[in-house]
Structures are given as C-alpha cells and as structure tokens.
Amino acid sequence: LIMPAFLTSLTLFSLYNYGIVLHFAFWFLIGLMAISNARSEKSLKIAINDASMSSILSSLVFVLVLAAGLVGGYFLVQKYRSELYLARASRLNLAVKADSDRAIDWLTRAVNADNSDVKYLNFLGQAILRRINLETSSRSGNQEETAARLQNLTQAAINVADRMTTIHKNDGASWFNAGGIYQGLIGIVNGADDAAVRSYQEYLK
C-alpha cells in the first residue's frame, strides 16, 4: 500500500502547487518506505536445499549445452557456406578472364568462411595461377594495366601460399600445395624457385 500512495503523492506533487500538507505526506511516505525496506531486508532468508541446488546445476548444464550447440551450429553453417562457394566456383570456366575473376571471388569467400580446411586455399591458389597464366599469355589491352593486375595476382598467390604454411604448418599437404604455387610463379616472381624448393623440403620432412 505504501508504494501506490507514494506514487500518487509524487504525481500530485508535480501537478499541483506546493502545499505544506502535501509536502509532509511526501516525506512521511518516504520514511515509511525506508522502514519497510529495512524490515524486509532483515527478514529476508535464502535457503538452498538439495532440490534448488539440482535445479541450479540443471540450468547451468542447459546453458552450457545450448552454448555448445550454438557454436557447433555456427561452424556447421560456415562449412556449408564454404562448400556452396566452392561449388559455384567449380561451375565457372577458368579459361575465361571474367569467369576466372568470379571464381577467385567465390573461392576467397570460401576461405574466409572456413579456413580450417586447406583445400579451399589450394583451390584458390590454383585459380589465381590460372588467372596469372591468362594475363601472361594475353597480348591485348593496356600494358600498364596488365602489369598492375599481374602484380596484384602474384601477390595474392604468395599470400595464399604463406597462409597455407602458417595456419596449417603441421600439414604436409599444405607445404606441398604451397610449393606448387611457388613453382607456378617461377619466371614471374624473383625467388619463387627457392621458395618452391623450401616448401617441398618441408613437405618431405
């Protein structure tokens, strides 16, 4: 009963002009609320018996299982997305520049969605090498633009090889695939032959 009366007096206090009676009632109700809260705090007791403890443990287990399910579901969705992007890229003709660019874009999305599987990096590296071959074999177009694209593609291929051997450094297939990428860059990038040899040596260890 105290809280409704207090709220009512507070409303009246804001709507009507100041009065000594209203002022006294306002502070009187605040005092009653303080006394009431002090008594309730003294009499407050929390008893945790076996039943309540088992309920708490059950709730905790439920939360942990739910969190694990959400995390597992997230990675499952990311894996599905990567496979979807890979399927879209595989339907494109890498002998065509436009399709090759689109394939690289899809494979990049696949790698970003799931970098735990080295196969996405391998497919991306091979697609970039195919695109580099298209640029080097083409003799049409602006030479400066071609050189700029070729530089970007070679750097992208190096980044893929480096990412393979960094994230999956304990996987022999990663070193072998990285060696294949560097081998494809021989004659285009200085030092690619040495990098290929080092990668193959790591693979043979």
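This report walks through some charged and aromatic side-chain pairings in the structure above.

Keep in mind that this is a predicted model, where local features need pLDDT of at least 70, side-chain atom pairs count only at pLDDT 80 or more, and totals for chains, interfaces and linings use all residues. Residues are numbered from 1 along each chain as its sequence is written, and side-chain values use heavy atoms, with hydrogens and water left out.

## Salt bridges

Let's start with the charges. A salt bridge here is a side-chain nitrogen of Lys or Arg within 4 Å of a carboxyl oxygen of Asp or Glu. Searching the whole structure turns up nine of them. Here are three, with the N to O distances.

| Pair | N to O distance |
|---|---|
| Arg109 and Asp105 | 3.4 Å |
| Arg131 and Glu135 | 2.7 Å |
| Glu135 and Arg149 | 3.0 Å |

Where do these residues sit? Helices, by the way, are DSSP runs (H or I, at least four residues), numbered from the N terminus. Arg109 and Asp105 both belong to helix α4, which covers residues 97-113, and they are four residues apart, or about one turn of the helix. Arg131 and Glu135 have that spacing too: four residues, about one turn, but in helix α5 (residues 118-137).

Glu135 and Arg149 are another story. Glu135 is in helix α5 while Arg149 is in helix α6 (residues 143-167), so this pair ties together parts that are 14 residues apart in sequence.

## Buried or partly exposed?

To sort residues, we use relative accessible area: buried means under 20%, exposed means over 50%, and partly exposed is in between (1.4 Å probe, protein chains only). Is Glu135 buried or exposed? Glu135 counts as buried because its relative accessibility is 3%. Its partner Arg131 is buried as well, at 4%. Arg149, on the other hand, comes out at 33% and is partly exposed.

Over in helix α4, Arg109 has 38% relative accessibility, so Arg109 counts as partly exposed. Asp105 gets that label too, with 36%.

## Around Glu135

Which residues are linked with Glu135 in a network of salt bridges? They are Asp101, Arg131 and Arg149. Glu135 also has plenty to touch (contact means heavy atoms within 4.5 Å). Leaving aside residues up to four places away in sequence, Glu135 touches Lys97, Thr146, Arg149, Leu150 and Leu153. Notice that Arg149 turns up both as a contact and as a salt-bridge partner.

## Rings

Now for the aromatics. Rings of Phe, Tyr and Trp (its six-membered ring) pair if their centres lie within 6.5 Å; planes under 30 degrees apart count as stacked, over 60 as edge-to-face and the rest as tilted. How many aromatic pairs does the structure hold? There are three. One of them is Phe176 with Tyr203: the ring centres are 5.0 Å apart and the planes meet at 55°, so the pair is tilted. This pair links distant parts of the chain, with Phe176 in helix α7 (residues 172-184) and Tyr203 in helix α8 (residues 192-204), 27 residues apart.

Phe176 is partly exposed at 42%, and Tyr203 is partly exposed at 37%. Add Tyr200 and you have one aromatic cluster: Phe176, Tyr200 and Tyr203.

Finally, back to Arg109. Its charged end sits over the ring of Trp106, 4.7 Å from the ring centre. That label needs NZ of Lys or CZ of Arg within 6 Å of the ring centre and within 35 degrees of the ring normal.

Definitions and conventions. Helices (H or I, at least four residues) and strands (E, at least two) are DSSP runs, numbered from the N terminus.
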